[in-house]
Amino acid sequence: FKITKRSLLGFLWLLLILLGCFTNIGANKVGIVYNPLKGGIQNYTLGQGYKSKNPLTKVYKIDTEVKELKFENISVQTNDAQFVNAIIKAQVKIDPNSAFEYFSRYRNKTLEDISSVLSSTIQKQLETVTTQYNIMDVLGAKRDEIVNKSLELIQSELSKDGISVLRITLVDTDAGQDIETAIANETVAKKEAVTAEKKKKK
């Protein structure tokens, strides 16, 4: 059997077709299927491993690993017309079961690529909660309660786009020196009142 240039090209062409019939989806990824013969993006995803496909089909691989993103300059208002600037960390990921919704809106952009969208949503939902509390509550005793309520709203909003929010953390809050001094003084006054009450009982 003699190998000719024509037969070699034919073999390479067949090899390319065969390679185009398979795709490998890595760990922490899902495949979004684009089939031009069936109207474009298909409403199902491919899980991890080697998968067969139409050679004309393109598979976009979407990362579903958990990311920790940091959002600075998140400004929110309280119900007593005070403003708080916050730094927030959020653990987020693309939901493997809703990756189609994510891709439909953001295509193959990463979560880092849409950080401005995430920041805006977090700010809006956080402020929905903080406007129900005064500045003392936001910076003090009700802080954890506010974070938990905000997380529920953020999760509900971003899940519509196939994004899961696992946790948010208020890394830092700043309401200005005057407000924070007043809160510190109030805390000291409360401690002194408790101490004085204990002495009376003795």
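Modeller: Before we look at this predicted model, one term is needed: residues are in contact when their heavy atoms lie within 4.5 Å.

Biologist: Which strands and helices are included in what covers the buried residues of α3?

Modeller: The buried residues of α3 are Leu118, Ser119, Thr121, Ile122, Gln125, Leu126, Val129 and Thr130. They occupy an arc of only 165 degrees around the axis, which places them on the same side of α3. What covers these buried residues includes β6 (67–77), β7 (83–94), α4, α5 and β8.

Biologist: Which exposed residues does α3 carry on the face turned away from its buried side?

Modeller: For the helix as a whole, the 16 residues of α3 should span 22 Å at 1.5 Å a residue, and its end C-alpha atoms are indeed 22 Å apart. On the face turned away from the buried side of α3, the exposed residues are Ser116 and Lys124.

Biologist: Why do the buried residues of α5 fall on the same side of the helix, and what do they pack against?

Modeller: The residues concerned are Ile146, Val147, Ser150, Leu151, Ile154 and Leu158, which are the buried ones of α5. Because they cover an arc of only 135 degrees around the axis, they lie on the same side of α5. The elements that the buried residues of α5 pack against are α3 (115–130), α4 (135–139) and β8 (163–174).

Biologist: Does Ser164 count as buried or exposed?

Modeller: Ser164 is a residue of strand β8. Leaving aside neighbours within four places in sequence, Ser164 is in contact with Gln91, Val92, Lys93 and Asp95. Since the cut-off for burial is under 20% relative accessible area and Ser164 has 19% relative accessibility, this residue counts as buried.

Biologist: How many cavities of 30 Å³ or more are there, and how much space lies in the largest cavity?

Modeller: Rolling a probe the size of a water molecule over the atoms reveals where empty space remains. By this rule, the count of cavities of 30 Å³ or more comes to one. The space in the largest cavity is about 60 Å³.

Biologist: Which elements each supply at least two residues of the lining of the largest cavity?

Modeller: The lining of the largest cavity consists of Val76, Val84, Ala86, Leu126, Thr130, Val138, Arg143, Ile146, Leu170 and Thr173. By class, this lining has seven nonpolar, two polar and one charged residues. The elements that each supply at least two residues of the lining are β7, α3, α5 and β8.

Note on methods
Residues are numbered from 1 along each chain as its sequence is written. This is a predicted model: local features need pLDDT of at least 70, side-chain atom pairs count only at pLDDT 80 or more; totals for chains, interfaces and linings use all residues. Side-chain values use heavy atoms; hydrogens and water are left out. Buried means under 20% relative accessible area, exposed over 50%, partly exposed in between (1.4 Å probe, protein chains only). Helices (H or I, at least four residues) and strands (E, at least two) are DSSP runs, numbered from the N terminus. The arc is that of the directions from the helix axis to the C-beta atoms. The expected span of a helix is 1.5 Å times one less than its number of residues. On a 1 Å grid over the protein atoms alone, a cavity is a set of points where a 1.4 Å probe fits but cannot get out, and a pocket is an open set with protein on both sides within 12 Å along at least five of seven lines; lining residues have an atom within 4 Å of a point. Grid points are joined across faces, edges and corners, and a volume is the space filled by probe spheres set on the points. Ala, Val, Leu, Ile, Met, Phe, Trp, Tyr, Cys and Pro count as nonpolar, Asp, Glu, Lys and Arg as charged, and the others, Gly among them, as polar.
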